[in-house]
Amino acid sequence: MKNLSFVLLSSTRVIMFLLLSSFHFQLNSEHDFWKLLYTIGAMVLFVGSHFIQFLTKNPRIKLICVSIDFLLSAGFGALFPKDSGLLYLIFFGVISTTVFLVFENKTILRIFLLALVVSWMAISYEKYVVNGEFSLSNNLLSIMYVVYGAVVGSLIRNLLRARETISNQFEQLNDSHEALRIAHDHLNDYSKQVEELTVIRERNQIAREIHDTVGHKMTALLVQLQLAKEVVTIQPERSKDILQTCEVLTRESLNEIRLSVRTLKEEDNLKVSFLHVLREMLHDFSNLSGLEAQLTINGDPSLVPPSLQPTIKRIVQESLTNAKRHGLATQCHVSINILNQGIELEIEDNGQGAQNIVPGFGLINMKERIMEHGGTILFKSNEEKGFSVFVQFPLKILKWGSVGVIE
């Protein structure tokens with residue numbers, strides 16, 4: 001539609017030039033050769049200039065073509081002062097439409113208007129000298145046609161610019177829509193990855209919980225069963241008490257499994273103080289397994305972040321289990337140093353130890369738990385010299401100022 005409108009406008013323009021020029025053949029009653037030659041030459045130049053300026057995108061060439069059209073139009077007014085009347089102003093009207101349609105530069109438009117006024121005054125003076133008359137009303141009417149052409153050209157230019165702007169905005173909107181679609185696809189992929197990772201993490205967490213809690217209880221249960229087996233013939237009453245303890249351990253293990261699978265909530269433990277939870281765990285394990293456990297804390301336990309407390313508990317729990325199960329230890333010492341820069345945890349037992357440490361599921365889980373908090377862990381062991389675990393957790397220090405957090 002745009003190209004069709006442009007072709008119609010362009011065709012109308014060149015036809016107007018040809019019709020206006022051809023009308024001067026009738027005005028050449030004297031059959032003046034030079035006027036005839038000028039009219040033919042002007043028609044050729046009008047057609048050539050028309051196609052050049054609408055085919056090129058170079059503004060300078062367009063300006064040269066418009067200047068040629070203007071000079072040819074003024075030439076008609078100057079060469080036919082007697083009979084052409086104000087026909088040359090119709091030329092100027094067509095040219096003004098072209099100028100205000102093609103050019104936005106205000107300097108070019110001002111120069112065109114100045115040239116138009118000067119040419120009109122000069123040609124009007126010539127006509128007055130030749131014909132002896134000057135009609136102001138006719139001139140004003142013809143000049144209004146020129147003004148009308150300029151307004152039409154300006155409106156068409158603004159309309160084309162608006163359509164171009166809308167087209168560009170539509171393309172940008174399409175590009176944005178495509179970018180949004182791609183981002184949406186990426187977000188979906190990311191969401192699926194996060195969901196898969198979340199599922200894997202939950203599975204690992206469940207496995208660790210079962211290992212740390214049930215494994216801890218099962219170790220104590222195994223010790224109690226071995227003891228019951230030894231005393232069942234010589235101390236029947238005591239064996240009943242031991243079996244009763246085994247039953248309690250079994251129920252607790254079952255509850256631990258249900259609790260781990262169902263909720264995995266550490267908050268229940270956090271309702272009780274961290275120190276109380278550790279002491280209770282050491283006390284219960286010592287009673288059930290016969291392992292003598294000691295706890296030493298340097299610093300304020302309340303400074304231990306709640307997010308670290310379950311991890312520290314699980315590390316101590318796993319270390320106690322390993323000390324009894326693998327090291328056959330009889331004593332274990334747990335030491336926690338709470339410093340400003342971090343927390344240090346050390347667990348030592350007097351078990352059998354090992355020359356070479358091969359991390360199993362429990363030690364790997366322990367390491368993973370610590371790495372999640374940016375901590376480090378070190379295992380030390382020698383045959384017949386026990387096993388020790390040394391853990392460090394960094395504490396992030398924040399400083400506040402009047403403008404907010406400094407670091």
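# Surface, cores and salt bridges

Tyr128 is partly exposed, with a relative accessible area of 45% (buried means under 20%, exposed over 50%, partly exposed in between; 1.4 Å probe, protein chains only). Keep in mind that the model is predicted: local features need pLDDT of at least 70 and side-chain atom pairs count only at pLDDT 80 or more, while totals for chains, interfaces and linings use all residues. Residues are numbered from 1 along each chain as its sequence is written, and side-chain values use heavy atoms, leaving out hydrogens and water.

Let us stay with Tyr128, which lies in helix H5 (helices, at least four residues, and strands, at least two, are DSSP runs numbered from the N terminus). Together with Tyr125, Val129, Val130, Phe134, Leu136 and Leu140, Tyr128 makes a nonpolar surface patch of about 730 Å². Such a patch joins nonpolar side chains within 5 Å, from residues with over 30% relative accessible area and no salt bridge; areas are Shrake-Rupley values with a 1.4 Å probe. Helix H5 (106–131) and helix H6 (136–231) each give two or more residues to the nonpolar patch, and H5 gives the most, with four residues.

Now for the charged pairs. A search of the whole structure finds five salt bridges (a side-chain nitrogen of Lys or Arg within 4 Å of a carboxyl oxygen of Asp or Glu), including these:

| Salt bridge | Closest N and O atoms |
|---|---|
| Arg13 – Asp69 | 2.8 Å |
| Arg161 – Glu104 | 2.5 Å |
| Arg181 – Asp185 | 3.0 Å |

The pair of Arg13 and Asp69 links distant parts of the chain, 56 residues apart: Arg13 is in helix H1 (residues 2–27) and Asp69 in helix H3 (residues 59–79). Arg13 counts as buried at 7% relative accessibility, and Asp69 is buried at 1%.

Arg161 in helix H6 and Glu104 in the loop between H4 and H5 also link distant parts of the chain, being 57 residues apart. Arg161 is partly exposed at 38% relative accessibility, and Glu104 is partly exposed at 48%.

Arg181 and Asp185 are four residues apart in helix H6, so about one helical turn separates them. Relative accessibility is 39% for Arg181, which counts as partly exposed, and 31% for Asp185, also partly exposed. Salt bridges with shared partners join these two and Glu178 into one network.

Arg13 turns up again beside Thr98, a residue of helix H4 (residues 87–102). Thr98 counts as buried, at 4% relative accessibility. Leaving out residues up to four places away in sequence, Thr98 touches Arg13, Gln53, Phe54 and Val66 (heavy atoms within 4.5 Å).

Further along the chain, the largest nonpolar core (buried Ala, Val, Leu, Ile, Met, Phe, Trp, Tyr and Cys residues joined through side-chain atoms within 4.5 Å) has 30 residues. Those with the most contacts inside this core are Ile312, Val316, Ile336 and Leu345. Among the elements giving two or more residues to this core are helix H10 (309–325), strand E2 (331–338) and strand E3 (342–349). Beyond its neighbours within four places in sequence, Leu345 is in contact with residues including Ile312, Val316, Ile336 and Phe390. Apart from this core lies another, of 27 residues, among them Phe70, Phe76, Leu87 and Ala150.

Two loop residues are worth a look. Leu328 has a positive phi of about 50 degrees although it is not a glycine; the loop between H10 and E2 holds Leu328. In the loop between E4 and E5 lies Glu384, with a positive phi near 65 degrees. Leu328 counts as exposed at 54% relative accessibility, and Glu384 as exposed at 67%.

Terms used
Patch = residues over 30% accessible without salt bridge, like charges linked within 9 Å, V, L, I, M, F, W, Y side chains within 5 Å.
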